[in-house]
Amino acid sequence: MQITDLRIRNFKSIKEMHISGIENALILVGKNDTGKTAVLDAVRAVGGDYTVKEEDFRESFPNVEIRVELRITSDDLKRFHRFGLVSSYRRYEAWYRDFCRKLPSYQPDESPAEEGRDAGTGGILAFEFTVNREGRVRYSDGHQKNNRYIPLIFPHIYFMDAQRNLEKFQDDLLLMQEDDLLKQMRSGCCMFDMAKECNRCFSCIGLISKKTTEELNAFEAAKLLEYKLYNLNLDTFSRKVNKNFRKNGGRDEIIYSMNLDIERTLAVTADVRLAGYQEKRPAGSMGKGMRSIYMLSLLETYEEEGMENADIIMVEDPEIFLHPKLQKVSGDILYRLSRKNQVMFSTHSPNLLSNFNSRQIRQVFLNEDGLSEVKEKTDISAVLDDLGYSANDLMNVNFVFIVEGKQDKSRLPLLIRKYYSETYDSEGNLSRIAIITTNSCTNIKTYANLKYMNQVYIKDNFLMIRDGDGKDSEELKSQLCRYYAQRNEEDVDRLPRVTEKNVLILRYYSFENYFLDPKVMAEIGIIDSEEQFYRIFLEKWREYLWRLRSGRRLVEVIGHDLENEQDVEQHMEDIRIHMRGHNLYDIFYGRYKENEQEILGRYIDAAPREDFADILDSIDRFIYFESRKKKESELLSGE
């Protein structure tokens, strides 16, 4: 789920504000006291996470009105059905009909009657949240003054306030970490049908214990649940939180334990152990900066294995209390979280924005009457200037590569070194060539670099390299060119023209897949023989690769499952085009992390040019490299 349209009336400094076309991230920028927090609080009010107070009303106390359009996917519908939300019908088709009847403002994307479509392909739910001076709350959908089913399906909100208050945030999130069975026991519903209330038959206990119900007392049952259903999960979850916490800059150890107090049965507490010490202290005693990183790490760990698009993650000024380096870490975490859930935050820091695109950033300002408004079109140039972007990184550079992924930044130079001369200085560094990494070819970082290329006269001497992702390369290339053509029409500062020459959509799923030629791998000793590659791949395919989204797509493309090693050999090109590279690359190269550059350099030296033809042909089109192509004799001699 995600909010796609938001209209706020008569709330705090907002008389009327409309934000349309909201994507998986909504980032609010603007000066202090312009109303950024008011937008976040409005969404929180709709989700039940914020209580509208008397001082939040406008003069003369008109009702607060917040109109929302909420996109619901087919996966959301299946989740609602699984948990018995809105309707208790067990058969999905009957449940979906009842869902549509009880939520009449829900507009499905497609009619279930259309050929080949299941009931419930997703759609938009529109409603209006209102609250009056007496505190009476209503969810109106145009058919009922108050539809009680709307708040049941609204996304859960995880909110990090400016003070980084930890207790409620942590308790809510750790409660969500419980197994489904424990959630059912807590909620009082039946283990076999979550839509029904438990009648205390306890027949479910036999499924999780060798004991019979007659042998169990209440305390034994709680202990069994703690050990079987919770502690194992908690231990695994704890390791994952600590892994992310340390990756994101934390040094201490987070320790979870369970409280069996009768008033807080199975409640989880979190402590922190200082690095090098045995003594524990409450997690809430951490400084606010490290508390911010812990809270984001906790969210990241939960969302790694959580359900997609089930929550809204909201942060007020993620950069406060953080060193600039940790601000960048915080921005990276929020971007990763936005891949699976909707993220909303306010910020004044440039370090938070580099991963996001211009459509996700909205400028909030005060009009002449001192009321909060949002600009219809975000002035990206003004935002970039305000955020302090500069062209320093592009000075003394003749050509720029923009690549998706940090790993590509270290692999592309290996190709350049082999096939082009005068590209390295005496110290072994790239000379007059910049390789800029980005998470997306349409995000703010890419836009900023294109903008400053014009200022330092690089003009069209750049190449964006985007992963193929198993999609139509010509269509992806056209989309990217059209995107920047539209940006050029909208923005004051002219960007260099992005033509098809400036865009390379990789032939294979990602850069890693270029290093998966079994013949070359056997030649340099990565595998003993080509046959070993096919055998290992088939083993991993049967183990888990077939379940991946890219694996399922591969089966669709070739029309059948991979059944033997000959099948794998026959479809190697399809595998490299449609299988996600990271999953395959680590199978064969994972043990070479420490000397990866050396191994890949040997691979490139042994591989024929045609293995990298689409990359090299795209580079050759630029005069800068055309004149620096090594001759065949130089390639053979390794000069």
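**Entry 1. Burial classes and Arg432**

I took buried to mean under 20% relative accessible area, exposed to mean over 50%, and partly exposed to mean anything in between. The model I examined is predicted. I applied the classes to Arg432, whose relative accessible area is 39%, and therefore recorded Arg432 as partly exposed. I located Arg432 in the loop between H12 and strand E17 (433–438). I also noted its backbone: Arg432 is not a glycine, yet its phi is positive, at about 60°.

**Entry 2. The chain as a whole**

I counted 24 helices and 19 strands in the chain. Of its 639 residues, 52% are buried. I looked up the exposed surface as well: about 31,500 Å², with 45% of it supplied by carbon and sulfur atoms. Among contacts with a separation of 6 or more, 68% join residues 24 or more positions apart.

**Entry 3. Asn10**

I turned to strand E1 (residues 2–11), which contains Asn10. Is Asn10 buried or exposed? Its relative accessibility is 16%, so I entered Asn10 as buried. A polar atom of the Asn10 side chain lies 3.2 Å from the backbone oxygen of Asn63. Beyond its neighbours within four places in sequence, I found Asn10 in contact with Lys15, Asp56, Phe57, Arg58, Pro62, Asn63 and Val64.

**Entry 4. Helix H1**

I checked H1 (residues 36–46) for burial and found 10 of its 11 residues buried, so this helix is largely enclosed by the rest of the structure. The buried residues of H1 include the charged side chains' positions Lys36, Asp41 and Arg44. Also buried in H1 are Ala38, Val39, Leu40, Ala42, Val43, Ala45 and Val46. After H1 comes Gly48, for which I noted a positive phi near 80°.

**Entry 5. Helices H2 and H3, and the loop between them**

I described the pair by the angle and the distance between the axes, as is done for two packed helices. The axes of H2 (residues 74–82) and H3 (residues 92–102) come within 10 Å and cross at roughly 100°. I therefore recorded H2 and H3 as roughly perpendicular to each other. On the H2 side, I listed Leu77, Lys78, Phe80 and His81; these meet Tyr92, Trp95, Tyr96 and Phe99 in H3.

I then followed the loop between H2 and H3, where Val86 is found. Val86 is a residue other than glycine with a positive phi, near 75°. Its relative accessible area is 7%, so I classed Val86 as buried.

**Entry 6. Gln360**

I placed Gln360 in the loop between strand E13 (342–347) and strand E14 (361–366). Although it sits in a loop, Gln360 counts as buried, at 5% relative accessibility. Which side chain is joined to that of Gln360 by a polar contact of 3.0 Å? I found that it is the side chain of Asn24. With its neighbours within four places in sequence left aside, Gln360 is in contact with Glu23, Asn24, Ala25, Leu26 and Ile27.

**Entry 7. Helices H16 and H20, with Leu584**

I next took up H16 (residues 530–543) and H20 (residues 581–589), whose axes come within 11 Å and cross at roughly 125°. That angle makes H16 oblique to H20. I recorded the crossing as right-handed. From H16, Phe533, Ile536, Phe537 and Lys540 meet Leu584, Ile587 and Phe588 in H20.

I examined Leu584 of helix H20 separately. At 2% relative accessibility, Leu584 counts as buried. I compared its position with that of Lys540: the two are 44 residues apart in sequence and 9.1 Å apart in space, C-alpha to C-alpha. With neighbours within four places in sequence left aside, I found Leu584 in contact with Leu516, Phe537, Leu545, Ile575 and Met579.

**Entry 8. Helix H22**

Why did I describe H22 (residues 613–620) as largely enclosed by the rest of the structure? I did so because six of its eight residues are buried. These are Ala613, Ile615, Leu616, Ser618, Ile619 and Asp620. I then looked up what the buried residues of H22 pack against. The strands are E16 (399–404), E18 (462–466) and E19 (503–505). The helices are H12 (406–419) and H23 (623–626).

Terms used: Residues are numbered from 1 along each chain as its sequence is written. This is a predicted model: local features need pLDDT of at least 70, side-chain atom pairs count only at pLDDT 80 or more; totals for chains, interfaces and linings use all residues. Side-chain values use heavy atoms; hydrogens and water are left out. Helices (H or I, at least four residues) and strands (E, at least two) are DSSP runs, numbered from the N terminus. Buried means under 20% relative accessible area, exposed over 50%, partly exposed in between (1.4 Å probe, protein chains only). A polar contact is a pair of N or O atoms within 3.5 Å; within protein, one must be able to donate a hydrogen and the other to accept it, and residues adjacent in sequence count only if both atoms are side-chain atoms. Contact means heavy atoms within 4.5 Å. Accessible areas come from the Shrake-Rupley method with a 1.4 Å probe; for residues, only the protein chains shown count as cover. Axes are lines fitted to C-alpha atoms, for helices over the stretch in contact, and angles run from 0 to 180 degrees between N-to-C directions. Angles under 35 degrees count as roughly parallel, over 145 as roughly antiparallel, 65 to 115 as roughly perpendicular and the rest as oblique. A crossing is left-handed if the near helix is turned anticlockwise from the far one by less than a right angle, and right-handed if clockwise.
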